[in-house]
Amino acid sequence: MQVSEKDIQKLVEQVLANITGQAASNTVSYSASEIALGDGVFTTVDEAVAASKIAEGKMRHVSLEGRRKIIQAMREISIQHAEELAKMAVEETGLGRIEDKMAKNLLAANKTPGVEDLVSTTYTGDDGMTLVEYAPFGIVGSITPSTNPAATLINNSISIVAAGNVVVYNPHPSAKKVSLQTLKLLNRAIVSAGGPENVLTAVASPNLDTSKQVMEHPAIRVLVVTGGGIVVKAAMKTGKKVIAAGPGNPPVVVDETADIVKAGKDIVSGASFDNNVLCTAEKEVFVVDKVANALKQEMLKNGAVELKGFELEKLLKVILVEKDGKYYPNRDYIGKNAEVLLAAIGKKVDSSVRLVIAETSYDHPLIWTEMLMPILPIVKVSNVDTAIEMAVKAEKGNRHTAIMHSQNVTNLTKMAREIQATIFVKNGPSYSGLGFNAEGFTTLTIAGPTGEGLTSARTFSRQRRCVLVDGFRIV
Ligand code: NAD
């Protein structure tokens with residue numbers, strides 16, 4: 001009998017699971033080559049949707065208190081497995097840093113709003129009472145990215161389920177193992193808290209075809225897509241309600257009134273977080289001439305390395321790809337550590353280096369390309385008005401995220417008005433806009449193109465109005 005490598009791998013996993021007793025715990029076993037069915041994972045989209053329909057029917061009978069318990073269990077399991085899922089994500093996708101991925105998982109688990117986000121409104125008067133409540137849509141289709149796989153699953157699931165919906169996911173194919181592991185854990189938590197099975201579903205082998213099937217399935221009323229411009233356009237074409245979280249190219253403006261010591265530290269911290277794969281991360285800096293060198297010095301003190309001339313040219317040849325006059329990031333370097341980028345040009349640095357910085361011209365491809373890697377171009381400008389003007393153009397009308405370091409309220413207000421970003425962070429790292437070490441709730445799905453902004457449970461709800469004429473006013 002011929003035994004394949006796959007069979008041996010399965011056998012070893014089974015034996016290990018028996019020895020460690022893991023099979024009986026909440027750790028869902030998976031093999032490197034395939035994902036087991038069950039706990040919400042199906043072979044086809046039709047099967048996943050059919051299971052979702054049953055779950056949807058059952059969710060309608062879960063009380064608000066029941067939903068609260070489900071959400072609490074989802075938070076707890078996400079916290080317990082935050083590190084394991086972070087490691088899996090980095091191992092599978094090759095993107096980002098484990099400690100930062102773990103921070104994102106914990107952020108999503110702790111700061112995604114739950115049922116409390118759905119605040120009903122009442123209008124009373126001489127003519128009676130009108131009540132407006134947030135109701136579920138039913139089955140939501142969610143397309144998730146490779147850059148924050150587990151964190152987006154945790155965040156979307158809490159938001160969508162808190163509103164009483166169920167979800168059919170199509171995770172990014174290159175992050176399927178970690179995404180499906182997260183989905184299985186969350187489903188187990190939902191069932192353990194008394195909720196129905198298959199509140200979250202997906203197929204075991206998500207790909208572009210299954211993504212399209214999810215988008216076009218007639219039983220799915222609403223889509224939430226988190227990813228680049230192509231998937232946003234594809235979702236819009238379906239004619240369904242789409243909550244679209246597209247790409248960003250967040251500019252940073254630093255004027256002469258800024259606290260330069262803090263600005264240098266914050267910019268490096270935000271731009272290097274998870275190796276810059278976040279759509280909200282600082283992608284280019286416009287700094288007023290007078291303080292530019294001081295800013296660079298502070299960045300160098302905080303883990304940045306500056307590249308110039310020949311060395312910069314050499315790195316650009318490696319990390320940028322030109323096709324038909326357009327520039328794209330070299331996929332091999334997306335989400336990699338600064339050390340890896342620098343090693344590509346034979347420059348050895350230690351692991352304390354988190355970011356590469358480079359002075360460039362305004363028309364440089366680094367300014368206009370969403371690189372998703374720890375390299376940050378810096379443009380010196382003569383005054384703050386020019387910096388704001390350039391930043392607005394570099395943001396490309398994404399209406400996503402922008403950052404400014406300044407102590408001048410007039411300048412801050414001007415930038416806020418002109419850039420019209422969904423998130424505008426003043427005097428902090430970009431991730432403050434996600435409520436990380438800052439006030440406000442979190443989301444990993446920032447819906448700029450369709451205007452919902454920072455998504456939460458109420459985004460996944462439809463408002464329903466109930467009117468009682470001439471009654472229920474008690475005064
Ligand atoms: P991606 O666009 O490659 O993939 C996202 C998802 O869309 C995946 O599940 C993929 O399978 C699917 N997809 C891609 N093309 C498709 C098509 N033609 N039809 C159907 N489905 C399709 O994104 P990525 O590289 O994983 O993530 C990075 C991008 O996402 C960046 O541009 C980043 O700015 C953006 N992003 C935005 C937000 C936000 O909240 N606005 C959050 C995270 C990431």
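A polar contact is taken here as a pair of N or O atoms within 3.5 Å; within protein, one atom must be able to donate a hydrogen and the other to accept it, and residues adjacent in sequence count only if both atoms are side-chain atoms. The model is predicted, with local features requiring pLDDT of at least 70 and side-chain atom pairs counted only at pLDDT 80 or more, whereas totals for chains, interfaces and linings use all residues. Residues are numbered from 1 along each chain as its sequence is written, and side-chain values use heavy atoms, with hydrogens and water left out.

We can begin at the ligand. An oxygen atom of the ligand lies 2.8 Å from a polar backbone atom of Gly 228, and an oxygen atom of the ligand is also found 2.6 Å from a polar backbone atom of Ser 146. For His 400 the contact involves the side chain, where an N or O atom is 3.1 Å from a nitrogen atom of the ligand. On its own the ligand has 850 Å² of accessible area, of which the protein covers 90% (areas by the Shrake-Rupley method with a 1.4 Å probe; for residues, only the protein chains shown count as cover).

Which elements give two or more residues to the shell around the ligand? They are helix 8 (208–216) and helix 9 (229–236), where helices (H or I, at least four residues) and strands (E, at least two) are DSSP runs numbered from the N terminus. Helix 8 provides the largest share, four residues. In total, 30 residues surround the ligand, and the closest are Ser 146, Ser 211, Gly 246, Glu 370 and Ile 446; a residue belongs here if one of its heavy atoms lies within 4 Å of the molecule. The shell comprises 14 nonpolar, 14 polar and two charged residues (Ala, Val, Leu, Ile, Met, Phe, Trp, Tyr, Cys and Pro count as nonpolar, Asp, Glu, Lys and Arg as charged, and the others, Gly among them, as polar).

Turning to the sheets, seven strands form an open, parallel sheet in the order 11-14-15-10-9-16-17, with two strands counted as paired if DSSP finds at least two bridges between them. Strand 11 (304–306) and strand 17 are the edge strands, each pairing on one side only. Neighbouring strands in this sheet are turned by 25° against each other on average, direction ignored (axes are lines fitted to C-alpha atoms, for helices over the stretch in contact, and angles run from 0 to 180 degrees between N-to-C directions). Strand 11 runs parallel to strand 14 (residues 355–359), joined by three bridges, and Glu 306 has Ile 357 of strand 14 as its bridge partner.

A second open sheet has three strands in the order 2-3-20, paired antiparallel. Strand 2 (121–125) and strand 20 (461–469) each have a single partner strand, so one side of each is left without a neighbour in the sheet. Strand 3 (residues 128–136) and strand 20 pair over nine bridges, and Val 132 has Arg 465 of strand 20 as its bridge partner.

The structure also holds five aromatic pairs; rings of Phe, Tyr and Trp (its six-membered ring) pair if their centres lie within 6.5 Å, with planes under 30 degrees apart stacked, over 60 edge-to-face and the rest tilted. One of them is tilted, because the rings of Phe 273 and Tyr 431 have their centres 5.2 Å apart and their planes at 55°. Phe 273 and Tyr 431 are 158 residues apart, and their pair links distant parts of the chain.
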